[in-house]
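User: I am new to this structure. Please take me through it step by step.

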Amino acid sequence: MSQFDTPNIQVLSTEVSQLRQELQLRDQLVQQLSQELFRLVKGNTNFMPQQPELERDLTQLQALREQLQAVEQQVTFYQEQIATRDSEIYQLRQSVQELTDRTRMLEQVVQELPQIYRRKFEERMTPVREKVAILQRENRQLQVELQSVSYRLALKTRNASHSGIDLPNFPRPASEQSNISTPQNA
């Protein structure tokens, strides 16, 4: 419903009220005239309205009936318009209520999102942290082994530079072993 419909309906409603008042006033006048006419005719048997006056009164009465019918049609039309507008207002209020409820729900979800994301992130990070811890332990072990190998290599290199070439040890017969002793390298 637009802003222009509401003032229009109010103006029409005011107009309908005024027309109803006029109609009631005319009905009262017609009723009074009918009663007065009945009283005059009943009290005076010689009284006979003149033909032109009777025709004029009938014409006026017919005109009043036509106006009454037109006003009734207008009232019916405006009542239908009001009922249609009331129905639209009801539907719009329902839509507003549904949208308000949905907005509240979405606001609640938005407020809970950071907590949900933190929890999900923590759930995903737990295996990653465990894997990092395992990799760090393996790294420390590998560093220890590397240092051990480097140390042994350094010792070997140092021994090799002092004693020259490493010669292979061949098994000797038992008689020669007692006479010659061979130096052994580590």
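User: How many helices and strands are in the protein?

Analyst: This is a predicted model. Read along the sequence, the protein follows the pattern α-α-α. The count is 3 helices and 0 strands.

User: What share of the residues counts as buried?

Analyst: Buried here means under 20% relative accessible area. The protein has 186 residues, and the share of them that counts as buried is 3%.

User: How much of the accessible surface belongs to carbon and sulfur atoms?

Analyst: The accessible surface of the protein comes to about 17000 Å². The part that belongs to carbon and sulfur atoms is 55%.

User: Which residues make the nonpolar surface patch of about 620 Å²?

Analyst: One of its members is Ile-116, which lies in helix 2, residues 51-163. Ile-116 has 31% relative accessibility, so it counts as partly exposed. The patch is made by Met-105, Leu-106, Val-109, Val-110, Leu-113, Ile-116 and Tyr-117.

User: What distance separates the C-alpha atoms of Gln-67 and Leu-23?

Analyst: Gln-67 has its place in helix 2. At 39% relative accessibility, Gln-67 counts as partly exposed. Along the chain, Gln-67 and Leu-23 are 44 residues apart. Their C-alpha atoms are separated by 8.8 Å.

User: How many salt bridges does a search of the whole structure find?

Analyst: Side chains of opposite charge can pair when their charged atoms come close. One such pair is Glu-88 with Arg-85. Across the whole structure, the search finds 5 salt bridges.

User: How far apart are the closest N and O atoms of Glu-88 and Arg-85?

Analyst: Both residues, Glu-88 and Arg-85, lie in helix 2. They are 3 residues apart, about one turn of the helix. Glu-88 is partly exposed, at 28% relative accessibility. The closest N and O atoms of Glu-88 and Arg-85 are 3.6 Å apart.

User: Asp-101 and Arg-104 meet in a salt bridge. Is Arg-104 buried or exposed?

Analyst: Asp-101 and Arg-104 both lie in helix 2, 3 residues apart. Their N to O distance is 3.6 Å. Asp-101 has 38% relative accessibility and counts as partly exposed. The cut-off for exposed is over 50%, and Arg-104, at 52%, counts as exposed.

User: Which side chain meets Glu-123 in a salt bridge?

Analyst: Glu-123 is partly exposed, at 46% relative accessibility. Its partner lies 4 residues away in helix 2, about one turn of the helix. That partner is also partly exposed, with a relative accessible area of 45%. The N to O distance is 4.0 Å, and the partner is Arg-119.

Definitions and conventions. Residues are numbered from 1 along each chain as its sequence is written. This is a predicted model: local features need pLDDT of at least 70, side-chain atom pairs count only at pLDDT 80 or more; totals for chains, interfaces and linings use all residues. Side-chain values use heavy atoms; hydrogens and water are left out. Helices (H or I, at least four residues) and strands (E, at least two) are DSSP runs, numbered from the N terminus. Buried means under 20% relative accessible area, exposed over 50%, partly exposed in between (1.4 Å probe, protein chains only). Accessible areas come from the Shrake-Rupley method with a 1.4 Å probe; for residues, only the protein chains shown count as cover. Patches are made of residues with over 30% relative accessible area and no salt bridge: like charges are joined within 9 Å, nonpolar side chains (Val, Leu, Ile, Met, Phe, Trp, Tyr) within 5 Å.
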